[in-house]
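Reader: Hi! Could you take a close look at the sheet in this structure for me, and set it in the context of the whole chain?

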Amino acid sequence: LLTGIKTGLKLFSNKLHGPIPSELGSLSAVHSGVYLHGNSLSGRIPTELGQLTNLEYNLQLNSNRLTGPIPSELGRLTLLAQGLYLGDNSLTGPIPSELG
């Protein structure tokens with residue numbers, strides 16, 4: 001359904017809850033950004049988000065209720081000019097070396 005999205009997915013500052021669907025990783029044509037910050041999303045960050053290799057600006061997952069480790073697959077997002085925002089969650093473990 002969402003596979004035709006090319007610019008960005010902006011669902012920030014709503015009352016969304018539950019896990020981030022792993023299917024978002026199939027939005028490979030999205031190049032501007034994925035904005036999911038300021039919700040109540042919970043659970044782990046799907047490793048499939050590492051497939052969003054055309055993202056050029058932002059992946060914003062901050063200010064949610066995400067838990068678990070930061071997936072090393074996010075290191076594939078090498079075009080992010082403005083950043084990967086993960087703050088204000090309850091993530092655990094080391095920062096993957098793939099993000100460096």
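Author: Happy to! One definition comes before the charges: Lys and Arg count as positive and Asp and Glu as negative, while His and the chain ends are not counted. On that basis the protein has 6 positive and 6 negative side chains, and the centres of the two sets lie 9 Å apart. Please keep in mind that this is a predicted model.

Now to the sheet. Its setting is a protein with eight strands and zero helices, so the pattern along the sequence reads β-β-β-β-β-β-β-β. The radius of gyration is 12 Å, close to the 13 Å that the globule rule gives for 100 residues, so the protein is as compact as a globular protein of that length.

Four of the strands form an open sheet in the order β2-β4-β6-β8, with parallel pairing. At its edges are β2 (17-18) and β8 (90-91), each of which pairs on one side only. In general, strands of a sheet pair through backbone hydrogen bonds, either parallel or antiparallel. Looking closer, β4 (residues 40-43) and β6 (residues 65-68) run parallel and are joined by two bridges. There, S42 has R65 in β6 as its bridge partner.

Stepping back to the whole chain, 72% of the contacts between residues at least 6 apart in sequence join residues at least 24 apart. Of the 100 residues, 38% count as buried. The protein exposes about 5500 Å², with carbon and sulfur atoms supplying 52% of it. Along the principal axes, the C-alpha atoms fill a box of roughly 35 × 30 × 20 Å.

Methods: Residues are numbered from 1 along each chain as its sequence is written. This is a predicted model: local features need pLDDT of at least 70, side-chain atom pairs count only at pLDDT 80 or more; totals for chains, interfaces and linings use all residues. Side-chain values use heavy atoms; hydrogens and water are left out. The radius of gyration is taken over C-alpha atoms; the globule rule is 2.2 Å times the number of residues to the power 0.38. Buried means under 20% relative accessible area, exposed over 50%, partly exposed in between (1.4 Å probe, protein chains only). Contact means heavy atoms within 4.5 Å. Accessible areas come from the Shrake-Rupley method with a 1.4 Å probe; for residues, only the protein chains shown count as cover. The place of a charge is taken as NZ of Lys, CZ of Arg, CG of Asp or CD of Glu. Two strands pair if DSSP finds at least two bridges between them.
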